[in-house]
Each structure stands twice: as structure tokens, then as C-alpha cells.
Amino acid sequence: MPPAKDATCTYATDWVTAKLRWKLTVDPTEARALRTIAASCPEATVTFKPAP
């Protein structure tokens, strides 16, 4: 995670966007960590366009 606290939500949404766009897998530990981060980012949204 980035050292700047105010960048955490942006980093996490960018991470999830890339995972979804490219249909990348997420293991249970990563999913749990992302859910924990997302819980502190109520204003964050993930929008993506699937890769061709």
C-alpha cells in the first residue's frame, strides 16, 4: 500500500479495476485485504471496461 494515507482508496480501486479488466484471479487473502480496505472507502467506486 502507498505510504500516503490519502492515496489508499485510489490505489485500491485502481488495483481492483485492473483485476476486473484483465480477469485476473484473487486469492482469499487478497480478497479479504481488499474488502477491509474498501470498508474504509465508502465514496470509492470501481468502473472498468473489460479488456478485448
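A residue counts as buried when its relative accessible area is under 20%, as exposed when over 50%, and as partly exposed in between. With a relative accessibility of 25%, Val 16 therefore falls into the partly exposed class. This residue is a handy place to start a walk through the structure, which is a predicted model. Val 16 sits in helix α1 and, once neighbours within four places in sequence are set aside, is in contact with Leu 34 and Val 46. The second of these partners, Val 46, is 30 residues away from Val 16 along the sequence, yet the two C-alpha atoms are 7.3 Å apart in space.

Stepping back to the chain as a whole, the model contains 2 helices and 0 strands. Taken along the principal axes, the box filled by the C-alpha atoms is roughly 35 × 20 × 20 Å. The chain has 52 residues, and 19% of them count as buried. Contacts that span a long stretch of sequence are well represented: among those between residues at least 6 apart, 65% join residues at least 24 apart. The pair formed by Val 16 and Val 46, with its separation of 30 residues, offers an example of such a spacing.

The two helices are α1, covering residues 8–21, and α2, covering residues 28–39. Their axes come within 10 Å and cross at roughly 140°. An angle over 145 degrees would count as roughly antiparallel, and 65 to 115 degrees as roughly perpendicular; α1 and α2 are therefore oblique to each other. The crossing of these helices is left-handed. On the α1 side, the residues that meet α2 are Thr 8, Ala 12, Trp 15, Val 16 and Lys 19, while α2 contributes Glu 30, Leu 34 and Ile 37. Sorted by class, this contact comprises 5 nonpolar, 1 polar and 2 charged residues. Val 16 thus reappears here, since its contact with Leu 34 links α1 to α2.

Helix α1 also carries an aromatic pair, and the structure holds 1 such pair. In general, a pair of aromatic rings is described by the distance of the centres and the angle of the planes. For Tyr 11 and Trp 15, the ring centres are 6.1 Å apart and the planes lie at 25°, so the pair is stacked. The cut-off for stacking is an angle under 30 degrees. Both residues belong to α1 and are 4 residues apart, about one turn of the helix. Tyr 11 is partly exposed, at a relative accessible area of 36%, and Trp 15 is likewise partly exposed, at 37%. Trp 15 has a further role in the picture, being one of the α1 residues that meet α2.

Between the helices, the loop from α1 to α2 includes Lys 23. The phi angle of Lys 23 is near 55°, a positive value in a residue other than glycine. Lys 23 is also exposed, since its relative accessible area is 71%.

A last point of interest lies in α2, where Ala 39 is found. Ala 39 has a relative accessible area of 67% and is therefore exposed. Its C-alpha atom is 9.8 Å from that of Cys 9, a residue 30 positions away along the chain.

Conventions: Residues numbered from 1 in each chain as written. Predicted model: local features only at pLDDT ≥ 70, side-chain atom pairs only at ≥ 80, totals over all residues. Heavy atoms only, no water. Phe/Tyr/Trp six-rings, centres within 6.5 Å; stacked < 30°, edge-to-face > 60°. Buried < 20%, exposed > 50% of the residue type's maximum accessible area, 1.4 Å probe, protein only. Axes fitted to C-alpha atoms, helices over the stretch in contact; angles between N-to-C directions. Parallel < 35°, antiparallel > 145°, perpendicular 65-115°, else oblique. Left-handed = near helix turned anticlockwise from the far one by under 90°. Contact = heavy atoms within 4.5 Å. Nonpolar A, V, L, I, M, F, W, Y, C, P; charged D, E, K, R; others polar.
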